[in-house]
Amino acid sequence: MLDTFNYPAEIQRDEDGRFVVTFPDFGWGATDGTTREEALAEAKDLLRELISTTIREDAHLPAPSPATKRRPVVVPPVQVALKAALYTAYRSAGISQRQLARDLNVAESAVRRMLNPDHPTKAATIDNALRRLGKRVTVTVTDAA
């Protein structure tokens with residue numbers, strides 16, 4: 001199971017001088033900005049969409065490749081990272097949504113909402129579900145780049 005959802009971004013300048021950002025681990029999607037900083041801010045939104053779309057399509061989330069000086073790490077919004085962690089833990093467990101609902105003593109519709117990247121779910125609810133799946137959430141705070 002993945003333990004991080006921070007992905008390295010590739011930044012290149014296009015023929016118009018704009019900074020174009022892609023995430024090679026996903027193989028699709030791009031965003032840009034007039035400055036490197038603007039492009040990286042847009043990259044956070046792109047990463048949110050890449051992760052969310054992968055979950056909605058019930059596809060495999062790729063493991064992040066190593067970051068380098070030329071490939072800075074982009075961190076998704078916390079809610080998206082928590083949903084991605086739950087999604088990967090649920091898929092790794094190989095159980096049905098119905099079984100997870102029984103294990104959590106909630107309705108199956110509640111599990112569907114927890115796994116839906118577009119539905120807001122309290123962090124404590126996701127944490128509880130992850131614990132039931134044998135995982136735990138830890139938080140690391142670092143200096144801003």
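**Figure 1. Salt bridges across the predicted model.** A search of the whole structure, which is a predicted model, turns up eight salt bridges. Side chains of opposite charge can pair when their charged atoms come close. The next views take a look at some of these pairs.

**Figure 2. Arg48, Glu49, Arg56 and Asp118 belong to a network of salt bridges.** Start with Glu49 and Arg56, whose closest N and O atoms are 2.8 Å apart in their salt bridge. Glu49 counts as partly exposed because its relative accessibility is 30%. Arg56 is also partly exposed, at 42% relative accessibility. Now turn to Asp118, whose side chain meets that of Arg56 in a salt bridge with an N to O distance of 3.5 Å. This pair joins distant parts of the chain, with Arg56 in helix α1 (residues 36–56) and Asp118 in the loop between α4 (108–115) and α5, 62 residues apart. Asp118 itself is exposed, since its relative accessible area is 52%.

**Figure 3. Glu108 and Arg98 form a salt bridge between two helices.** Here the closest N and O atoms lie 3.4 Å apart. Glu108 sits in helix α4 and Arg98 in helix α3 (residues 97–104), so the pair links distant parts of the chain, 10 residues apart. With a relative accessibility of 26%, Glu108 counts as partly exposed.

**Figure 4. Helix α3 has a buried face and an exposed one.** Look for Leu100, Ala101 and Leu104, which are buried in α3. Viewed down the helix axis, the buried residues of α3 fall within an arc of 105°, and therefore they line one face of the helix. Their packing partners are α2 (78–93), α4 and α5. On the face turned away from the buried side you will find the exposed residues Arg98 and Arg102.

**Figure 5. Asn105 follows α3 with a positive phi.** Asn105 comes just after α3, and its phi is about 60°. Most residues other than glycine have a negative phi, and most peptide bonds are trans. Asn105 takes its positive phi although it is not a glycine. Its place is the loop between α3 and α4. Asn105 is exposed, because its relative accessible area reaches 70%.

**Figure 6. Asp58 also has a positive phi without being a glycine.** The phi of Asp58 is about 55°. To find Asp58, look in the loop between α1 and β5 (73–74).

**Figure 7. Val80 of helix α2 touches Arg48, Ile51 and Ser52.** These contacts leave out residues up to four places away in sequence. Val80 is buried, as its relative accessible area is 9%. For another way to place Val80, compare it with Glu49: the two are 31 residues apart in sequence, while their C-alpha atoms are 9.2 Å apart in space. Glu49 may be familiar from Figure 2, where it takes part in the salt-bridge network with Arg48, Arg56 and Asp118.

**Figure 8. Tyr7 and Phe26 form an aromatic pair.** A search of the whole structure finds one aromatic pair. The ring centres of Tyr7 and Phe26 are 4.9 Å apart and the ring planes meet at 55°, so the pair is tilted. Distant parts of the chain are linked by this pair, with Tyr7 in strand β1 (residues 7–8) and Phe26 in the loop between β3 (19–22) and β4 (30–33), 19 residues apart. A pair of aromatic rings is described by the distance of the centres and the angle of the planes. Tyr7 counts as buried because its relative accessibility is 0%. Phe26 counts as buried as well, at 11% relative accessibility.

**Figure 9. Val137, Val139 and Val141 make up a nonpolar patch on the surface.** Together, these three valines have about 300 Å² of accessible area. Val141 belongs to the segment after α5 (123–132). Val141 counts as exposed, since its relative accessibility is 74%.

How values were computed:
Residues numbered from 1 in each chain as written. Predicted model: local features only at pLDDT ≥ 70, side-chain atom pairs only at ≥ 80, totals over all residues. Heavy atoms only, no water. Patch = residues over 30% accessible without salt bridge, like charges linked within 9 Å, V, L, I, M, F, W, Y side chains within 5 Å. Areas by Shrake-Rupley, 256 points an atom, 1.4 Å probe, with all protein chains shown as cover. Salt bridge = Lys/Arg side-chain N within 4 Å of Asp/Glu carboxyl O. Helix = DSSP H or I, 4+ residues; strand = E, 2+ residues; numbered from the N terminus. Buried < 20%, exposed > 50% of the residue type's maximum accessible area, 1.4 Å probe, protein only. Arc of directions from axis to C-beta. Contact = heavy atoms within 4.5 Å. Phe/Tyr/Trp six-rings, centres within 6.5 Å; stacked < 30°, edge-to-face > 60°.
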